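Hi,

Here is the structure I promised to pass on. Have a look at it first, and then read my notes underneath.

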Amino acid sequence: MDTDTIRQLNDQHVVNTYGTRKLALVRGEGAKLWDAEGHEYLDFFAGIAVCNLGHCHPTVTEAICEQARTLVHVSNLYYIEQQAKLAALLCEHSFADKWFFCNGGAEANEAALKIARRYWAQQGTPKPEIVVAEQSFHGRTMATVTATGQPKYHQGFEPLLPGFHYVSYNDIDALAEAITPQVGLVMLEPIQGEGGVRVPTPGYLPAVRQLCDEKDVLLAFDEVQTGLGRTGSLFAYQNEDVVPDIITLAKGLGNGVPIGAMGCSDKVAEGFAPGAHACTFGGNPLSAAAALATFETLITPGFIEDARETGCYFIEQLLNLSKEFECIYEVRGRGLMIGVEFDRGVTPLVECMLNAGIICGPAGPMVLRFLPPLIVDRAAVDCVVAALLASLEELGW
């Protein structure tokens, strides 16, 4: 089908939660995508930080095909070999002692919120209240949309769940004031993604950890976007040597196959018992096999290190560009999670880049966000920076 036919079929039969879309993408390979008319694009968004290995990575593709030929799904009423192997590998390379698997990031964060409340209830000292950050994003379920510190995501869904408190991100004094005896969990993104690629100042996350220890409060890091090599280390918490009690993953875990995960310490894992929480599709043979192949590729020696070096080069080139254009307010990020903040809305710039064959996206109204596959090289970065330069000149910025 051509794009117009796909659009008409979609508009007639699909609930409109995404607005008008310009492209119908039908094929991908590595960091490249092709639309229904055969036009080629360089993908520097990776399905919103999902395809960390690029599109149709051969190792993951083979794992999916082999598993599909063998066994696609059984329920979690039975042991699942691929899930057990994935959990063991995640434990080996993280602080977590146990993992719960689900379908995506919102469900992973939902599990984190639930296990924290249930943990304290089982301790005999219920502490149901939760502190989150303003400008955060944690998902679209009722609990995770409540945890999301952006009022635009709340509109029309009130009343929100009780027990959530919002504080300024990167403000340890505000956090300290918000932690009352009823608070049992602090949930933060190590780097805020949808909130504008906001990187905390050095020392903030260690101070959060110390504060949670002093107040006897659990700490959860939402690494749905920052995890799995995106910020130059396997997990973003490792950048500052801060260990949370709970971590959530999704997006890049299956390289496009839906899967989410919540990891925690043995102590916190006691909060869940049989029947306390579940997920029909979570960690089924197909999704777990895809995630296992993805994770094994990510931890190949040198893979993440190369991505980190490419990210440093990309940020350096963007900083050089910012010296030429006063409209660029700030370049920030870590690894290949990068935001460029402008003094005006970036919607025209995103469209101009798309017309030049570059896929990127916004993070809020004034931040242009780059989340390329971790396999991109300096030549691809140079292509994107050149397109950005040309787009800024074309727009007269």
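**Helix packing and the sheet**

Helices α12 and α13 cross in a right-handed sense. Before going further, please keep in mind that this is a predicted model.

Back to that pair: α12 covers residues 347-355 and α13 covers residues 378-395, and their axes come within 9 Å, crossing at roughly 125 degrees. That angle makes α12 oblique to α13. On the α12 side, the contact is made by Pro-348, Leu-349, Cys-352 and Met-353. From α13 come Val-384, Ala-387, Leu-388, Ser-391, Leu-392, Glu-394 and Leu-395. Sorted by type, the residues of this contact are nine nonpolar, one polar and one charged.

I also looked at a second pair, α4 (residues 81-92) with α10 (residues 285-298). Their axes come within 8 Å and cross at roughly 35 degrees, and the crossing of α4 and α10 is left-handed. Here Gln-82, Gln-83, Lys-85, Leu-86, Leu-89 and Leu-90 of α4 meet Pro-285, Ala-288, Ala-289, Ala-291, Leu-292, Phe-295 and Glu-296 of α10. The contact of α4 with α10 divides into nine nonpolar, two polar and two charged residues.

Now the sheet. It is open, has seven strands with mixed pairing, and runs in the order β4-β10-β9-β8-β7-β5-β6. Which strands stand at the edges? They are β4 (98-102) and β6 (164-167); each has a single partner strand, so one side of each has no neighbour in the sheet. From one strand to the next, the twist averages 20 degrees.

Strand β7 is a good place to zoom in. This strand takes in residues 183-188 and is mostly covered, with six of its six residues buried. Its pairing with β5 (residues 129-133) is parallel, over three bridges, and Ile-130 stands opposite Leu-185 of β7. With β8 (residues 218-222), β7 also runs parallel, and four bridges join the two. Across that pairing, Val-186 stands opposite Leu-219 of β8, while Leu-185 stands opposite Leu-218 of β8. Helix α8 (residues 204-215) packs on the sheet and touches both β7 and β8; the direction of α8 makes about 150 degrees with that of β8.

Tell me what you think once you have been through it.

Cheers

Key. Residues numbered from 1 in each chain as written. Predicted model: local features only at pLDDT ≥ 70, side-chain atom pairs only at ≥ 80, totals over all residues. Heavy atoms only, no water. Axes fitted to C-alpha atoms, helices over the stretch in contact; angles between N-to-C directions. Parallel < 35°, antiparallel > 145°, perpendicular 65-115°, else oblique. Left-handed = near helix turned anticlockwise from the far one by under 90°. Contact = heavy atoms within 4.5 Å. Nonpolar A, V, L, I, M, F, W, Y, C, P; charged D, E, K, R; others polar. Buried < 20%, exposed > 50% of the residue type's maximum accessible area, 1.4 Å probe, protein only. Pairing = 2+ DSSP bridges.
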